[in-house]
Amino acid sequence: FIEYLNSYLSYAGIGQFRITEGNKFYVVDLKNSVEWALDKSNGDHMNSILAGFLAALFSAISEKELFCTSFSDTRSPDHNRFALSMEAVIGEIEEHLRSGKTEKEILAAYGNQHLE
(Lines give C-alpha, C1' and ligand atoms only; values in the text may rest on other atoms or scores of the structure.)
Protein backbone atom coordinates (compact mmCIF):
# COMPACT_ATOMS: atom_id res chain seq x y z
CA PHE A 1 0.00 0.00 0.00
CA ILE A 2 2.75 2.46 0.97
CA GLU A 3 4.60 1.81 -2.31
CA TYR A 4 1.40 2.42 -4.27
CA LEU A 5 0.68 5.60 -2.30
CA ASN A 6 4.24 6.86 -2.84
CA SER A 7 3.92 6.21 -6.55
CA TYR A 8 0.57 8.00 -6.74
CA LEU A 9 1.69 11.01 -4.66
CA SER A 10 4.89 11.33 -6.67
CA TYR A 11 2.92 11.20 -9.92
CA ALA A 12 0.56 13.86 -8.56
CA GLY A 13 3.56 16.10 -7.75
CA ILE A 14 3.22 15.78 -3.99
CA GLY A 15 6.47 13.92 -3.35
CA GLN A 16 7.66 10.92 -1.36
CA PHE A 17 5.65 9.84 1.64
CA ARG A 18 6.58 8.09 4.89
CA ILE A 19 4.47 7.49 7.98
CA THR A 20 5.89 6.50 11.35
CA GLU A 21 3.89 5.44 14.39
CA GLY A 22 4.59 7.33 17.58
CA ASN A 23 3.04 7.63 21.00
CA LYS A 24 -0.46 9.20 20.56
CA PHE A 25 0.09 10.26 16.94
CA TYR A 26 1.65 9.31 13.64
CA VAL A 27 4.32 11.42 12.01
CA VAL A 28 3.93 11.86 8.27
CA ASP A 29 6.99 12.97 6.31
CA LEU A 30 6.71 14.37 2.81
CA LYS A 31 9.93 14.89 0.89
CA ASN A 32 10.37 16.77 -2.37
CA SER A 33 6.78 17.94 -2.12
CA VAL A 34 4.66 20.64 -3.66
CA GLU A 35 7.40 22.36 -5.62
CA TRP A 36 4.75 23.48 -8.10
CA ALA A 37 2.99 25.61 -5.45
CA LEU A 38 5.91 27.45 -3.87
CA ASP A 39 5.88 30.38 -6.28
CA LYS A 40 2.12 30.84 -6.22
CA SER A 41 0.37 33.40 -4.04
CA ASN A 42 -1.39 30.66 -2.05
CA GLY A 43 1.83 28.73 -1.41
CA ASP A 44 1.82 29.75 2.25
CA HIS A 45 -1.30 27.65 2.73
CA MET A 46 0.14 24.51 1.17
CA ASN A 47 0.87 22.84 4.54
CA SER A 48 -2.77 23.38 5.56
CA ILE A 49 -3.96 21.92 2.26
CA LEU A 50 -1.67 18.91 2.66
CA ALA A 51 -2.76 18.41 6.29
CA GLY A 52 -6.40 18.35 5.17
CA PHE A 53 -5.58 15.90 2.38
CA LEU A 54 -3.75 13.56 4.77
CA ALA A 55 -6.54 13.75 7.37
CA ALA A 56 -9.18 12.93 4.75
CA LEU A 57 -7.12 10.11 3.21
CA PHE A 58 -6.38 8.35 6.48
CA SER A 59 -9.86 8.98 7.89
CA ALA A 60 -11.27 7.13 4.88
CA ILE A 61 -8.77 4.29 5.24
CA SER A 62 -9.20 3.87 9.02
CA GLU A 63 -12.92 4.67 9.10
CA LYS A 64 -12.20 7.03 12.04
CA GLU A 65 -12.29 10.81 12.06
CA LEU A 66 -8.63 11.83 12.07
CA PHE A 67 -7.05 15.26 12.13
CA CYS A 68 -3.69 16.46 10.91
CA THR A 69 -1.47 19.48 11.48
CA SER A 70 1.88 20.61 10.19
CA PHE A 71 4.77 20.92 12.61
CA SER A 72 5.80 24.12 10.84
CA ASP A 73 4.22 27.13 9.18
CA THR A 74 7.07 27.25 6.73
CA ARG A 75 6.87 25.69 3.31
CA SER A 76 9.73 23.73 1.94
CA PRO A 77 9.97 21.54 -1.13
CA ASP A 78 12.58 19.43 0.64
CA HIS A 79 10.76 18.27 3.75
CA ASN A 80 7.40 18.78 5.46
CA ARG A 81 6.31 16.94 8.61
CA PHE A 82 2.82 16.45 9.94
CA ALA A 83 1.15 14.96 13.03
CA LEU A 84 -1.89 12.72 12.39
CA SER A 85 -4.21 11.61 15.21
CA MET A 86 -7.57 12.11 16.91
CA GLU A 87 -8.93 15.65 17.34
CA ALA A 88 -7.93 16.03 21.03
CA VAL A 89 -4.29 15.10 20.40
CA ILE A 90 -3.98 17.35 17.36
CA GLY A 91 -5.56 20.17 19.39
CA GLU A 92 -2.88 19.68 22.07
CA ILE A 93 -0.12 19.70 19.45
CA GLU A 94 -1.48 22.89 17.87
CA GLU A 95 -1.58 24.51 21.32
CA HIS A 96 2.09 23.57 21.82
CA LEU A 97 2.90 25.09 18.43
CA ARG A 98 1.03 28.31 19.27
CA SER A 99 2.98 28.56 22.53
CA GLY A 100 6.23 28.49 20.56
CA LYS A 101 7.38 24.93 21.16
CA THR A 102 9.49 23.35 18.46
CA GLU A 103 8.84 20.07 16.72
CA LYS A 104 11.66 18.50 18.75
CA GLU A 105 10.13 19.69 22.03
CA ILE A 106 6.70 18.38 21.06
CA LEU A 107 8.09 14.98 20.08
CA ALA A 108 9.90 14.80 23.43
CA ALA A 109 6.75 15.82 25.35
CA TYR A 110 4.94 12.78 23.92
CA GLY A 111 7.90 10.41 24.32
CA ASN A 112 8.59 10.32 20.59
CA GLN A 113 12.27 11.28 20.54
CA HIS A 114 12.91 8.28 18.27
CA LEU A 115 11.04 10.12 15.50
CA GLU A 116 13.47 13.07 15.35
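# Close-up views of a predicted model

**Overview. Four salt bridges turn up when the whole structure is searched.** Please keep in mind that this is a predicted model. The mean pLDDT of the protein is 81, and 78% of the residues score at least 70. Confidence peaks in helix α3, at a mean of 96, and is lowest in helix α1 (residues 2-11), at 73. The views below begin with charged pairs, move on to aromatic rings and end with α3.

**View 1. R18 and D29 meet in a salt bridge between two strands.** The closest N and O atoms of R18 and D29 are 2.9 Å apart. R18 sits in strand β1 (residues 16-21) and D29 in strand β2 (residues 26-31), so this pair ties together parts that are 11 residues apart in sequence. Are the two partners buried or exposed? R18 is partly exposed, with a relative accessible area of 46%. D29, in contrast, has a relative accessibility of 3% and counts as buried, because the cut-off for buried is under 20%.

**View 2. D29 also forms a salt bridge with R81.** Here the closest N and O atoms are 2.7 Å apart. R81 belongs to strand β4 (residues 79-85) and D29 to β2, so the pair links parts that are 52 residues apart in sequence. Both D29 and R81 are buried. If you widen the view, you can follow a network of salt bridges that links R18, D29, R81 and E103.

**View 3. Within helix α3, the side chains of E95 and R98 form a salt bridge.** The N to O distance for E95 and R98 is 3.0 Å. How far apart are these two residues along helix α3? E95 and R98 are three residues apart in α3 (residues 87-98), which means a separation of about one helical turn. E95 is partly exposed, at 44% relative accessibility, while R98 is exposed, with a relative accessible area of 59%.

**View 4. F25 and Y110 make an edge-to-face aromatic pair.** The structure holds two aromatic pairs. In the one shown here, the ring centres of F25 and Y110 are 5.4 Å apart and the planes make an angle of 85°. F25 lies in the loop between β1 and β2, and Y110 in the segment after α4 (103-109), so the pair ties together parts that are 85 residues apart in sequence. F25 and Y110 are both buried. Bring F71 into the frame as well, and you have one aromatic cluster made of F25, F71 and Y110.

**View 5. Helix α3 has a buried side and an exposed one.** From first C-alpha to last, the 12 residues of α3 reach 16 Å, close to the 16 Å expected at 1.5 Å a residue. Which residues of α3 are buried? They are V89, I90, I93 and H96. These cover an arc of only 115° around the axis, which puts them on the same side of α3. What do the buried residues of α3 pack against? Their partners are β3 (67-70), β4 and α4. On the other side of α3, E87, A88 and R98 are exposed. Just after the helix, look for G100, which takes a positive phi of about 100°.

Definitions and conventions:
Residues numbered from 1 in each chain as written. Predicted model: local features only at pLDDT ≥ 70, side-chain atom pairs only at ≥ 80, totals over all residues. Heavy atoms only, no water. Helix = DSSP H or I, 4+ residues; strand = E, 2+ residues; numbered from the N terminus. Buried < 20%, exposed > 50% of the residue type's maximum accessible area, 1.4 Å probe, protein only. pLDDT = per-residue confidence, 0-100. Phe/Tyr/Trp six-rings, centres within 6.5 Å; stacked < 30°, edge-to-face > 60°. Expected span 1.5 Å × (residues − 1). Arc of directions from axis to C-beta. Contact = heavy atoms within 4.5 Å.
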